[in-house]
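Student: Can we go through this one label by label? I'd like to see what each call rests on.

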Amino acid sequence: MRRHASPFSLITLGLGTFLLVLAPLLAWYVEPRAAVNPIDIDTTAVYEGTGSVFDLERVETVPGQKITVTQRVRGDVAESERSGAAVWDVITSVDTEKSLPASDPHDALDFTPHRWVSDRDTNRPVHCCGEKPYIEGEAYLKFPFDVQERSYRWWDNTLGATVVLHYEGRKRIRGYEGMRFTAEVPATRTGTRLVPGRLVGEPDRPQVLAEEWYANHGIELVVDQATGRVVYARTGPRQTLRAPGGEKDAAVLLDSRKLAFTEATQKFAVDQARSDSGRLRLLGTTLPVGAAAAGCVLAVTGGVLVARGRKPRTGPGMPESPETPRTTLTK
């Protein structure tokens, strides 16, 4: 008699096989393609703190000023699609209470526009598409995906070079755990600026090509491990002027021990990190593990049912089971 597999057993086996194939596809194909730098980004991060600022009207450095740093990042979608990289335009402005709010950002104490172009998968700089300045390192506005417990080279735009950030353990920001990185920047010459001689201790000279120097009392970044998003940032910039060849600061342009993300910026960053990392975890771990477990159960169950087949039936048109011949005893 022929044995037949039931439709249910075939469906169960097929569904189990499909889930077993789907699991590695989610983990090795779909999730890596979701872990890419976006091209349609439009975010604003705000730092606040206090410090000393050079007042152009009073022609002197004024301490105890409230300082606000605003960093706007907007993606150039058309250029990103054309190049295949993530092209982000960044505007950083530094304001005191006198210039904030300003109708024109150029009225700020300092206004710096630039363009960062990165590989969407690795986060490494890509030198194309009008990049300015020539950015280097492994991280700038964010870290790579899947951050490791090691040091990273972070681009410091004021320094015009990379800074080595050292891993310092874990830290919670608004209840969300991130990876903490820190660094300091020693006083470094970054350029020159034409200023009145009296600003740098040379009153007999009307104009002097003064040296610009930059240092940082301390950089602290707390980063989401899965996405590389910065959920907290603190910086302590010090920008000064020196006379040509001078060994001491002659004028302080900006000096703050602590400029840090505002509460609103922290909340936005943490909410985004929690959402994005949850989505990556779903695609890379939760769904693949669930699909593999369910697929294994269904495939085994379906295979057993197919192997056993259905029990034979009897009825009109069906051969009857042969009977065992009986032996008749006679005397």
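Student: How many aromatic pairs does the count come to?

Tutor: This is a predicted model, and the count comes to nine aromatic pairs. Take Trp-88 and Trp-116: their ring centres are 5.4 Å apart, with the planes at 75°.

Student: Why is the pair of Trp-88 and Trp-116 called edge-to-face?

Tutor: Two checks. Ring centres have to lie within 6.5 Å, and planes over 60 degrees apart count as edge-to-face. With centres 5.4 Å apart and planes at 75°, Trp-88 and Trp-116 pass both, so the pair is edge-to-face. The pair also links distant parts of the chain, with Trp-88 in strand S3 and Trp-116 in strand S4, 28 residues apart.

Student: And what makes Trp-116 and Tyr-140 an edge-to-face pair?

Tutor: Here the centres are 5.5 Å apart and the planes sit at 90°, so the edge-to-face label applies again. Trp-116 is in strand S4, while Tyr-140 is in the loop between S4 and S5, 24 residues apart. Ring pairs build a cluster, too: Trp-88, Trp-116, Tyr-140, Phe-143, Tyr-152, Trp-154, Tyr-167 and Phe-181 are linked in it.

Student: How do you know whether Trp-116 and Tyr-140 are buried or exposed?

Tutor: Buried means under 20% relative accessible area. Trp-116 comes in at 1%, so Trp-116 is buried. Tyr-140 has 5%, so Tyr-140 is buried as well. Trp-88 gets the buried label too.

Student: Which residues is Asn-123 in contact with, neighbours within four places aside?

Tutor: Asn-37, Trp-116, Ser-118, Glu-138, Ala-139, Tyr-140, Lys-142, Phe-143 and Pro-144. Asn-123 itself lies in the loop between strand S4 (110-118) and strand S5 (152-156). Its relative accessibility is 1%, so against the 20% limit Asn-123 counts as buried.

Student: What makes the link between the side chains of Asn-123 and Asn-37 a polar contact?

Tutor: The distance is 2.9 Å, and the cut-off for a donor and acceptor pair of N or O atoms is 3.5 Å. The Asn-123 and Asn-37 side chains fall within that cut-off, so polar contact is the right name.

Student: On to charges. Why is the meeting of Lys-98 and Glu-57 called a salt bridge?

Tutor: Side chains of opposite charge can pair when their charged atoms come close. The rule asks for a nitrogen of Lys or Arg within 4 Å of a carboxyl oxygen of Asp or Glu. Lys-98 and Glu-57 are at 3.8 Å, N to O, so they qualify. Lys-98 lies in the loop between strand S3 (86-96) and S4, and Glu-57 in the loop between strand S1 (42-55) and strand S2 (60-75), so the bridge ties together parts 41 residues apart in sequence. Both Lys-98 and Glu-57 are exposed.

Student: What about Asp-89 and Arg-115, what makes them a salt bridge?

Tutor: Their N to O distance is 2.7 Å, so the 4 Å condition is met. Asp-89 lies in strand S3 and Arg-115 in strand S4, so this bridge ties together parts 26 residues apart in sequence. Arg-115 has a relative accessible area of 16%, so it falls under 20% and is buried. Asp-89 has 30%, which means it sits between the 20% and 50% limits and counts as partly exposed.

Student: And how do you know that Arg-229 and Asp-276 form a salt bridge?

Tutor: They meet at 3.9 Å, N to O, so they're within the 4 Å limit. Arg-229 is in the loop between strand S8 (208-223) and strand S9 (230-235), and Asp-276 is in helix H3 (residues 263-308), so the pair ties together parts 47 residues apart in sequence. Arg-229 is partly exposed, with a relative accessible area of 22%. Salt bridges that share partners also join Lys-171, Arg-180, Glu-220 and Arg-234 into one network. The structure holds 25 salt bridges.

Student: How many disulfides are there?

Tutor: Zero. As for accessibility, Cys-129 is at 13%, so it counts as buried, whereas Cys-128 is at 25%, so it counts as partly exposed.

Student: Last one: which residues touch the most other members of the largest nonpolar core?

Tutor: Phe-143, Leu-165, Phe-181, Leu-221 and Val-230, out of 36 residues in that core. Beyond its neighbours within four places, Val-230 has contacts including Phe-143, Trp-154 and Leu-221.

Technical notes. Residues are numbered from 1 along each chain as its sequence is written. This is a predicted model: local features need pLDDT of at least 70, side-chain atom pairs count only at pLDDT 80 or more; totals for chains, interfaces and linings use all residues. Side-chain values use heavy atoms; hydrogens and water are left out. Helices (H or I, at least four residues) and strands (E, at least two) are DSSP runs, numbered from the N terminus. Buried means under 20% relative accessible area, exposed over 50%, partly exposed in between (1.4 Å probe, protein chains only). Contact means heavy atoms within 4.5 Å. A salt bridge is a side-chain nitrogen of Lys or Arg within 4 Å of a carboxyl oxygen of Asp or Glu. A nonpolar core is a set of buried Ala, Val, Leu, Ile, Met, Phe, Trp, Tyr and Cys residues joined through side-chain atoms within 4.5 Å. A disulfide is a pair of cysteine sulfur atoms within 2.5 Å. Rings of Phe, Tyr and Trp (its six-membered ring) pair if their centres lie within 6.5 Å; planes under 30 degrees apart count as stacked, over 60 as edge-to-face and the rest as tilted.
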